[in-house]
Amino acid sequence: MKTGNLIGIVGLACLGVTAANAQQWTLGPKLELGLSARSTSVNEVMIGDVSVESGSNAGDAMGAGIGGFARYDRSRWYGQAELLTQRANVANYYISGPQVGFADYVRVSRLAGRLLGGYKPLPWLRFSVGVAANQYRRNQENYYASTIANEYRLAEQYPTDKDRFLSVARTYEVGQSVSQSLKAVSADMLFGIGVDVGGLTIDIINSSSLTPVVDGITHQGQVYDLRQKYSNWSLQLGYRLFPVKAHLLAPRRSNRAYERIKKDIPFYRNEVHIAVGLLGEDIGSAFLYENRYTRYLTRRFGLSIGANIMRLSGSYYLPSQTTEVQVLPAVRFLPLYSRRHIIGLSVGPLLCYKSGYTVSSGRYGGNGPATVNLRNDSEASTFSASIQGTVDYQFAISDRLLFGPWLRLSSDYAYAGIQAGYRF
């Protein structure tokens, strides 16, 4: 069976399960946050005078993803089908020529269909194994094309340095061939552990390649033997929305027992939070501080506004320092609202203003010292807007004090952190 067909079958399974027994099947959305990634096949080849080495560590996590899942539960075991889309780093290389060396982190858009099953020693604890079929699309097929064209232009413009510029161009042409060597499909083996908190599902999953993501590099008609697989860990959060009555909606208002319980759950109109977090796709490269205020219109629905400061530092070889000021207006909904446990979902625009500097150089590491040039365009001052979604869990230490983790996804990044809140 082709991998693309398997992905389609998994997608249909996710969409069609609600026709089964409503007491056993659940269906809902899922978020994935990469924690770490490691390449598992390390070797080196020479293409002319250019060395290509597959890296032993990708450096970045797999990235963030979003999708849906369908799950079938029994008392001691469960089965689950998932369909997710994400941005990911799945291979990395170091390419070194006589004049220049650089790293290539193969960045892709990935569609993954997964089938998992496992054992439940406790009603809320799960051990999982499974398989995944992946389909890849390179985000930039001709990533080095402009650099190659520029080196050839410089070779014509400065004949005395022609050999040096042509050598750089040849190195980047090898990089282009490496960049285009990613296979379109692959398969993974999965295993992990998960817990259920009400409708919330939390899993730590390891994915390891069953088939290589790169199996030979073709350059100017010749195939060079270079393979690469990967292994990565990810944090996955899901919420079982259906069946609606069991996992989202409160009992009927005519239920007197529920009305008595509801009176004991405190309801406050205002909620303030302070939070800290890290950029999840490259742990440690960015630190975020957030203040947030929420005004609840009902017990479960409110409007919030957040003000953030994020500090980013460092690059592959040269220093950089930038600061982002972020504003996050959002709609907030509480699918779980009890006296001690709260799950919140927030969606809204992410407005960012970035300022700072990024130094530049004509050489990216490799052979010899790198010259740092502070140019006029080293200063960064940009404004951007995107959509963000946040999921958080809060434990009420008292009726007014809250504490717990949060996870945020935007169009470019994923963040994770902890927060403390006060309601009044």
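Which side chain does a polar contact of 2.5 Å join to that of Tyr78? The partner is Ser128. The model described here is predicted.

## Ser128 and its surroundings

Ser128 lies in strand S7, which covers residues 125-138. With a relative accessible area of 4%, Ser128 counts as buried, because the cut-off for buried is under 20%.

Beyond its neighbours within four places in sequence, Ser128 touches Tyr78, the partner in the polar contact, and also Leu116, Gly117 and Gly118. Further contacts of Ser128 are Leu190, Phe191, Gly192 and Asp203.

## Strands S9 and S12

Asp203, one of the residues in contact with Ser128, has Gln236 in S12 as its bridge partner. Strand S9 (residues 200-209) pairs with S12 over 9 bridges, and the sense of the pairing is antiparallel.

Strand S12 runs from residue 230 to residue 239 and is mostly covered. Of its 10 residues, 9 are buried.

## The nonpolar cores

The largest nonpolar core consists of 27 residues. Within this core, Val52, Tyr93, Ile95 and Leu182 have the most contacts. At least two residues of the core come from each of these elements: strands S2 (44-47), S3 (50-54), S5 (77-96), S6 (101-122), S10 (214-219) and S11 (222-228), together with helix H3. Strand S5 gives the largest share, 5 residues.

Val52 can serve as a view into this core. Setting aside neighbours within four places in sequence, Val52 is in contact with Tyr93 and Ile95, both also listed among the residues with the most contacts inside the core. Its other contacts include Val45, Ile47, Val174, Val178, Ile217 and Leu226. Asn43, Glu44 and Tyr94 are in contact with Val52 as well. Apart from this core there is a second, separate one of 9 residues, which includes Leu31, Ala64, Val391 and Ala414.

## Helix H2

Helix H2 is made of 13 residues, 145-157. From its first C-alpha to its last it reaches 18 Å, close to the 18 Å expected at 1.5 Å a residue.

Which residues of H2 are buried? They are Ile148, Glu151, Leu154 and Ala155. These residues lie on the same side of H2, because they cover an arc of only 125 degrees around the axis. They pack against helix H3 (162-179), a helix that also supplies at least two residues of the largest core. On the face of H2 turned away from its buried side are the exposed residues Ser146 and Glu156.

Note on methods. Residues numbered from 1 in each chain as written. Predicted model: local features only at pLDDT ≥ 70, side-chain atom pairs only at ≥ 80, totals over all residues. Heavy atoms only, no water. Helix = DSSP H or I, 4+ residues; strand = E, 2+ residues; numbered from the N terminus. Expected span 1.5 Å × (residues − 1). Buried < 20%, exposed > 50% of the residue type's maximum accessible area, 1.4 Å probe, protein only. Arc of directions from axis to C-beta. Contact = heavy atoms within 4.5 Å. Pairing = 2+ DSSP bridges. Core = buried A, V, L, I, M, F, W, Y, C linked by side-chain atoms within 4.5 Å. Polar contact = N/O pair within 3.5 Å; in protein donor to acceptor, adjacent residues only side chain to side chain.
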